Structures are given as C-alpha cells and as structure tokens.
Amino acid sequence: MLAFLSRVLLVIVGLFVLPLGAHALWWAMRDDVAPSWRAADWSSAKLLPAASEAPQAIVAVYAARVGRWRGIFAHHTWVVVKEAGARTYTRYDKVGWGSPVRTNGWAPDGRWFGNAPHPVVLIEGEAAERLIPQVRQAVASYPYQTFGAYNAWPGPNSNTFVAHVMRSVPELGAALPPTALGKDWQPWRDMVGLTPSRTGIQISLGGYAGLALGWVEGIEIDFMGLVAGIDLRRPAVKIPAWGRIGMDPITW
C-alpha cells in the first residue's frame, strides 16, 4: 500500500506540481505584470470590430490571464454577443463583486488586469444569430446568480458560469482553456454527467479532482483545479499552469 501511495505522489508531483512551480518561476521573472487593479490596463485589445462596422451577428467567448500571483495558474473567461444590425456588443461576466452576473462591465474584448485576451469561440452570421437567444437564456438561467454565490476556488466562479453557458449551448462546440480554474466545478449531486460539449463523460469531485473524456474536450485530468491532458481532435497537450500548447482550438 505504501509503495502504491508513493507512486501516486510521484505522479502528482511530476504531472501537476513541477509544471506549476516552473510557471510560477517564469511568472515571477516577468516585468509586465500589473501591480494593482488601478494600475492595470483594461482597454480594448482591438480583437473585435466596432459594432457599427460589423452588421453581422457575433457570438464570442474570450479568456485572459487573471491578475498578480493568480495569473500563474488561472484564466478569467467571459461571453460576448451582438445581434445582426445591433450598434453595441453585450458582454457577460460572473465576478466576485458587483452584480451577480455583470453586464457590460468592461470592453467586450478588453484586457483583463492588463493581460490581452484570446478567443475561445468566435461565430458570426446566421449561425451566431441562431445561437444568441440560447446564449441569453443560458445567462439568465445560471443557478449561482445571487450575491455570495461565488467561490474563487474550487467554484462556482467566473469560469463555472461560462462553462454553464457552453453546456447549455453545446453548438458552441469548444472547450475552455485548461487554466480556466473552476470550469469543471459541479455540485456533488451532479458528480457524473456529460461534458459541456455533450461529446463525452465528465466526473467532478466538487472541483477538487475530476476526469473528462470527450471529443471536444479531449482527455483531461483535474487535480485541485489544475488540469493536465491531451487534445486529439486538434492536437495539443494541456499542461498545468502553462495551459494548452499545440493547434489553435478556437471555434470559428
């Protein structure tokens, strides 16, 4: 039994702890990390055209590293929609302060704590127009909307919210970054279920550990919110703290 536990410990250290430590060291050496909320750049990263210049409908999901030391291992994600002909975008975030689900708190493609976002999903035209009512309904039906219904770790948090939207609208056809801490959180009563894309099976032990096997999500092992895995559909490896390395996973 002791030998078995020793092997398990070695796997945990090699698969999760060492990559986390290496990324923490790299993060500490950076000189471009904003020191505070006030000092950070929250401006548009210019990933989206001005709404007035984009007549088509748009649905997007963005992810950006969070601020200060938490950026070592976590991304924040959010949802953006725009109906055809609309003059403005609508952005939805779940944050630990302010209104339960915040609408238009920041630029739709804004930097998060100074960190530029990258798209997880970007769908335009008729396909987006069909999905927007479903996305808005998913936002409205998020079950952890009340004040206090937020837990940075293991969840429910901002990434749990976006995972709920993607689970409610599987046609989005994408997986959140492995560094979207909280994406795999599920209440204990829903310990076993489908992955958000509904292309596989997910086991979640309250966000403390879990396993996902899906065509869109690939193979993911979750330990204390850190995710290791591989993507076979769009070949890539998923390294704790570092994130995804390989083919671009974005759904266009």
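Which residue in strand 11 is the bridge partner of I230? In this predicted model, the partner of I230 is V237. The pair belongs to the contact between strand 10 (residues 226–231) and strand 11 (residues 236–239), two antiparallel strands that are joined by three bridges.

Strands 10 and 11 are part of an open sheet of seven strands, arranged in the order 6-7-8-9-10-11-12 with antiparallel pairing. At the edges of this sheet stand strand 6 (192–194) and strand 12 (243–246), each of which pairs on one side only. From one strand to the next, the twist averages 15°. Helix 1 (residues 2–29) lies across strand 9 (218–223), strand 10 and strand 11, and its direction makes an angle of about 110° with strand 10.

A further open sheet is formed by five strands in the order 4-3-2-1-5, and here too the pairing is antiparallel. Strand 4 (102–103) and strand 5 (118–124) occupy the edges; each has a single partner strand, so one side of each is left without a neighbour in the sheet. In general, the strands of a sheet pair through backbone hydrogen bonds, in either a parallel or an antiparallel manner.

Within the five-stranded sheet, strand 1 (residues 58–65) and strand 2 (residues 75–82) run antiparallel and are joined by eight bridges. Opposite R65 stands H75 of strand 2. Helix 3 (residues 158–168) lies across strand 1, strand 2, strand 3 (90–93) and strand 5, and runs at about 45° to strand 2. Each of the two sheets is thus described together with a helix that lies across several of its strands: helix 3 for the five-stranded sheet and helix 1 for the seven-stranded sheet.

Key
Residues numbered from 1 in each chain as written. Predicted model: local features only at pLDDT ≥ 70, side-chain atom pairs only at ≥ 80, totals over all residues. Heavy atoms only, no water. Pairing = 2+ DSSP bridges. Helix = DSSP H or I, 4+ residues; strand = E, 2+ residues; numbered from the N terminus. Contact = heavy atoms within 4.5 Å. Axes fitted to C-alpha atoms, helices over the stretch in contact; angles between N-to-C directions.
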